[in-house]
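Okay, thanks for having me, everyone. I'll put the model up and then talk through how the helices sit against each other.

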Amino acid sequence: MKIQGKMFLWLSAFILIMTVVYGVWSKEPVGTTALALAFGLSAMIGYYLAFTAKRVDEMAQDNLEADVADEAGELGFFSPHSWQPLSLAIGGALAFMGVIFGWWLMYFSAPIILIGLWGWVYEYYRGENQNQ
């Protein structure tokens, strides 16, 4: 985590310099604001990673003598056969089309999103996959 924290902090310093250069040269407020926001986001992530790296144990990526296999292990459980992301994608697509075509489309997309979210959260609490 130390490496990622340093990378993001250096990236934020670079973005800050580019923000100043871009703002002085172009005198265009939208791009300058976008770069300033990118600087803030990068600085927040870098600070979080650097702050967290002090509290957790050293990871294999921070050790110069580490092997690739030192970080091996289970990453988590990922559902191999879930249909819920499809319903969330359809509901999200309808919601974004509601921004384009009319807010009335949100009345149709909100239930689809809520049903998909509810199904995804409680997918392994009932049915044939209850004991996984």
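Let's start with the pair at the beginning of the chain: α1 and α2 are roughly antiparallel to each other, because the angle between them is about 165° and anything over 145 degrees counts that way. Before I go on, keep in mind that this is a predicted model. The axes of α1 and α2 are 8 Å apart, and the crossing is left-handed. If you sort the residues in that contact by class, α1 with α2 gives you 17 nonpolar, 10 polar and 1 charged.

Now, what sits between those two helices? There's a loop between α1 (2-26) and α2 (29-55), and Lys27 is in that loop. Lys27 has a phi you may want to look at: it's positive, about 55°, and this residue is not a glycine. As background, most residues other than glycine have a negative phi. And is Lys27 buried or exposed? Exposed, because its relative accessibility is 67% and the cut-off for that is over 50%.

A quick word on the annotation. UniProt, in an unreviewed entry, marks residues 7-25, 31-51 and 88-121 as "transmembrane region". Take two of those stretches in the model. Residues 31-51 come out as 100% helix with 0% strand, and the C-alpha atoms at the two ends are 30 Å apart. Residues 88-121 are 88% helix, also with 0% strand, but here the end C-alpha atoms lie 12 Å apart.

What do we find around that last stretch? Helix α3 covers residues 84-101 and helix α4 covers 106-121, and their axes come within 8 Å and cross at roughly 155°. So α3 and α4 are roughly antiparallel to each other too, and α3 passes α4 in a left-handed crossing. By class, the contact of α3 with α4 has 11 nonpolar residues, 7 polar ones and no charged ones. On the α3 side the residues include Gln84, Ser87, Gly91, Leu94 and Ala95, and on the α4 side they include Ser109, Ile112, Ile115, Gly116 and Trp120.

Let me zoom in on three of these. Ser109 is in helix α4, and it counts as buried because its relative accessibility is 1%. Leaving out neighbours within four places in sequence, which residues does Ser109 touch? Gly91, Leu94 and Ala95.

Next is Ile112, also a residue of helix α4. Ile112 has 28% relative accessibility, so it counts as partly exposed. With the neighbours within four places again set aside, Ile112 is in contact with Ser87, Gly91 and Leu94. Ser87 is 25 residues away from Ile112 along the chain, yet their C-alpha atoms are separated by 6.5 Å. Gly91 and Leu94 therefore turn up in the contacts of both Ser109 and Ile112.

Last one: Gln84, in helix α3. Apart from neighbours within four places in sequence, Gln84 is in contact with Ile115, Gly116, Gly119 and Trp120. Then look at Glu123: Gln84 and Glu123 are 39 residues apart in sequence, and 8.5 Å apart in space, C-alpha to C-alpha.

So, back to the two pairs: α1 with α2 is roughly antiparallel, and α3 with α4 is roughly antiparallel. That's what I have, so over to you for questions.

Note on methods:
Residues are numbered from 1 along each chain as its sequence is written. This is a predicted model: local features need pLDDT of at least 70, side-chain atom pairs count only at pLDDT 80 or more; totals for chains, interfaces and linings use all residues. Side-chain values use heavy atoms; hydrogens and water are left out. UniProt positions are given in the numbering used here, feature names are shortened, and annotations may be inferred rather than shown by experiment. Helices (H or I, at least four residues) and strands (E, at least two) are DSSP runs, numbered from the N terminus. Axes are lines fitted to C-alpha atoms, for helices over the stretch in contact, and angles run from 0 to 180 degrees between N-to-C directions. Angles under 35 degrees count as roughly parallel, over 145 as roughly antiparallel, 65 to 115 as roughly perpendicular and the rest as oblique. A crossing is left-handed if the near helix is turned anticlockwise from the far one by less than a right angle, and right-handed if clockwise. Contact means heavy atoms within 4.5 Å. Ala, Val, Leu, Ile, Met, Phe, Trp, Tyr, Cys and Pro count as nonpolar, Asp, Glu, Lys and Arg as charged, and the others, Gly among them, as polar. Buried means under 20% relative accessible area, exposed over 50%, partly exposed in between (1.4 Å probe, protein chains only).
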